[in-house]
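Please find below a colleague's note on the model under review. The points are numbered so that each can be taken up separately.

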Amino acid sequence: MATTPLFSPNALAGKRILITGGGTGLGRGVARHLVANGAEVHLWGRRPAVLEEAAAEASADRPGSVHWQTVDVRKADLVDAAMDEIWAEHGPLTGVINNAAANFIAPTESLSARAFEAVTSTVMNGSFNTAHAAGRRWIEGKTKGVVLSTLTTWVWTGSAFVVPSAMAKAAVHSMTMSLAVEWARYGIRLNAIASGPIPTDYAWEMLNPTDESAIGATQADQVPAGRMGTIEELANLTTFLLSDGCDYLTGQTIAMDGGQMLAGPGTFAGLTSMTNEDWASAREKSKAASEAAKSQRGV
């Protein structure tokens, strides 16, 4: 779905924006739009080859506008060190997009403690670590900043079969509201986008691995608008929220889902129809996708 550009090429001029989980999926897709609107972009992730490729793609028309680091956002000391490197080599960030995530569908009773931790530590701890590291530096330097988090509409409704993700994203929703009040006096804004289904390769392998799992939150026919969302639409809203055009907007999670939540909501509740055999098949396909991703990680 093509859209007419809404912003000038200088809409984000002078902005230095970090995207966690920026090597793939929504983060990678949004990066090139931020560059097109004038921003300098920094990508964090755990797979160096993927990050290098994403940076080259996003900066194709503006060489040198995108930089990348391998960072495990679950570890506060690594986040802090990477922030130091950005501040020292490039200057202060003006915005952070908490996009790093982990998720997969599974009956909750089958989850191991390790699986629960893998999802919640990336989404909740990673978002806090990144927001905290940037926020402290903005406060110390007396500079303004924006934290924008990628959420889902499950923060309001919960969702069966993705309980760790629903819990962790609800925590980030709470962080957004809480820190918006605490840090407003410093000129720091926190907002979030709860998007409906926008297909990306790896995420869809984990959330919709088989024909039997094609139910609910990942399905266009469950969206009143009758279609999936697009990266361009997400990038437009992201650009607006990172710009100087809405300094009075803070503490909000904005649903951009074609009306799915109001009509459904768009969760994975329909997966109750899957049999044990269906779950075994989904688990094998998700495991294969996860192992392929792990083999490329640098941290």
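**Note on salt bridges, sheet and helix packing**

1. Asp-80 is partly exposed, with a relative accessible area of 25%; buried denotes under 20% relative accessible area, exposed over 50%, and partly exposed the range in between (1.4 Å probe, protein chains only). The model is predicted: local features need pLDDT of at least 70 and side-chain atom pairs count only at pLDDT 80 or more, while totals for chains, interfaces and linings use all residues. Residues are numbered from 1 along each chain as its sequence is written, and side-chain values use heavy atoms, with hydrogens and water left out.

2. The side chain of Asp-80 forms a salt bridge with that of Arg-136, at 2.6 Å from N to O; the term requires a side-chain nitrogen of Lys or Arg within 4 Å of a carboxyl oxygen of Asp or Glu. This pair joins distant parts of the chain, since Arg-136 lies in helix 4 (residues 113-141) and Asp-80 in helix 3, 56 residues apart. Helices (H or I, at least four residues) and strands (E, at least two) are DSSP runs numbered from the N terminus. Arg-136 is partly exposed, at 28% relative accessible area. Through shared partners, salt bridges connect Asp-80, Asp-84, Arg-136 and Arg-137 in one network.

3. The whole structure contains 12 salt bridges. One of them joins the side chains of Asp-244 and Lys-15 at 2.7 Å, N to O. Asp-244 sits in the loop between helix 8 (231-242) and strand 7, whereas Lys-15 belongs to the segment before strand 1, 229 residues away. Asp-244 is exposed, with a relative accessible area of 51%, but Lys-15 is buried at 15%.

4. A further salt bridge brings together the side chains of Glu-57 and Arg-28, at 3.2 Å from N to O. Glu-57 is in helix 2 (residues 48-58) and Arg-28 in helix 1 (residues 25-36), with their positions 29 residues apart in the chain. Glu-57 is partly exposed at 39% relative accessibility, while Arg-28 is buried at 15%.

5. How are the strands of the open sheet ordered? Its seven strands run in the order 3-2-1-4-5-6-7, with parallel pairing; two strands pair if DSSP finds at least two bridges between them. Strand 3 (66-70) and strand 7 (253-256) occupy the edges and have a single partner strand each, so one side of each lacks a neighbour in the sheet. From one strand to the next, the twist averages 20°.

6. Strand 1 (residues 16-20) pairs with strand 2 (residues 40-45) in the parallel sense over five bridges, and Ile-19 has Leu-43 of strand 2 as its bridge partner. Helix 3 (residues 76-89) packs on the sheet and touches strand 1, strand 2, strand 3 and strand 4 (95-98), its direction making about 155° with that of strand 2. Contact means heavy atoms within 4.5 Å; axes are lines fitted to C-alpha atoms, for helices over the stretch in contact, and angles run from 0 to 180 degrees between N-to-C directions.

7. Strand 2 also pairs with strand 3 in the parallel sense, over five bridges, and His-42 stands opposite His-67 in strand 3. Between these strands the chain passes through helix 2, in a right-handed β-α-β crossover: with the strands pointing away from the viewer, the path from the first strand over the helix to the second runs clockwise.

8. Which residues of helix 2 are buried? They are Val-50, Leu-51, Ala-54, Ala-55 and Ala-58. Viewed down the axis of helix 2, they fall within an arc of 130° and therefore line one face of the helix; the arc is that of the directions from the helix axis to the C-beta atoms. These buried residues pack against helix 1, strand 2 and strand 3.
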